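Here are my notes for someone opening this one for the first time. Have a look at the model, then go through the points in order.

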Amino acid sequence: MVLANDPDFFNRLNANKKNNRPPARFSDLQAALGLSQLSRYPQMLEKRKAIATRYFSELHEQLTWNSGELDARAFREVHVRNSVFFRFPILVEGDPVKHIAALEQQFGISLRRGVDALLHDPSAEKFPGAEKRFASTLSVPLYPALTETEVTHIIQSLNSYFGT
């Protein structure tokens, strides 16, 4: 859901929605599930932050480094404090799709692309930074139901696979 108090901005959002994907409608069951999850949001967010903190501290820095312009420690502390950790992106070299298949086969870890798709046409080459990140980012499992054992397995597997 998006709310806007600027009519021009709202019209642009609405046009973008119509041009990019069909409107999503929630069923009563999906809405009830969403409300139930919202009631547990603080606990789920804390669990996600705890997992992200472990990833930041135990994954090799080359996987979690997000900008050569930022001090790594300061970035991580601010990020953990301010993020909702919907996803945990890592930077990789080579084809992300091949890494996804290899990690699933070797370690039983299900990863996905950093984002599912770019919001713009990459052939226009208007956003080279976004395209570069899209081509080098994977999303590591980060959901509240992960156990400590599973998080340890993910960390050890990624460090092993990427040779760190």
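**Notes on the model**

1. Let's start on the outside. Leu35, Leu38, Tyr41, Val84 and Phe86 make up a nonpolar patch on the surface, and together they have about 570 Å² of accessible area. Keep in mind that this is a predicted model.

2. Val84 is a handy member of that patch to look up. You'll find Val84 in the loop between α5 (72-82) and β1. Is Val84 buried, partly exposed or exposed? Its relative accessibility is 47%, so Val84 counts as partly exposed; the exposed class would need over 50%.

3. Now step back to the whole chain. There are eight helices and three strands. Reading from the N terminus, the order is α-α-α-α-α-β-α-β-α-β-α.

4. A few totals for the chain: of its 164 residues, 29% are buried. The chain exposes about 11,500 Å², with 56% of that coming from carbon and sulfur atoms. If you count contacts with a separation of 6 or more, 75% of them link residues 24 or more positions apart.

5. On to the strands. How are the three strands ordered in the sheet? They form an open sheet that runs β1-β3-β2, and the pairing is antiparallel. β1 and β2 (112-113) are at the edges with a single partner strand each, so each has one side without a neighbour in the sheet.

6. For a closer look at the pairing, take β1 and β3, which are joined in the antiparallel sense over four bridges. One pair to pick out is Phe88 with its bridge partner in β3, Val140.

7. The helix to spend time on is α8 (residues 148-161). Its 14 residues should span 20 Å at 1.5 Å a residue, and the end C-alpha atoms are in fact 20 Å apart, so the two values agree. Just after α8 comes Gly163, which takes a positive phi of about 70°.

8. Which residues of α8 are buried? They are Val151, Ile154, Ile155, Ser157, Leu158 and Asn159. It helps to recall that an α-helix has 3.6 residues a turn, so residues three or four places apart point the same way.

9. What covers the buried residues of α8? The cover includes the helices α3 (41-58), α4 (61-64) and α6 (96-107). From the strands, β1 (88-91) and β3 (137-140) are also among the elements that cover them.

Notes:
Residues are numbered from 1 along each chain as its sequence is written. This is a predicted model: local features need pLDDT of at least 70, side-chain atom pairs count only at pLDDT 80 or more; totals for chains, interfaces and linings use all residues. Side-chain values use heavy atoms; hydrogens and water are left out. Helices (H or I, at least four residues) and strands (E, at least two) are DSSP runs, numbered from the N terminus. Buried means under 20% relative accessible area, exposed over 50%, partly exposed in between (1.4 Å probe, protein chains only). Contact means heavy atoms within 4.5 Å. Accessible areas come from the Shrake-Rupley method with a 1.4 Å probe; for residues, only the protein chains shown count as cover. The expected span of a helix is 1.5 Å times one less than its number of residues. Patches are made of residues with over 30% relative accessible area and no salt bridge: like charges are joined within 9 Å, nonpolar side chains (Val, Leu, Ile, Met, Phe, Trp, Tyr) within 5 Å. A salt bridge is a side-chain nitrogen of Lys or Arg within 4 Å of a carboxyl oxygen of Asp or Glu. Two strands pair if DSSP finds at least two bridges between them.
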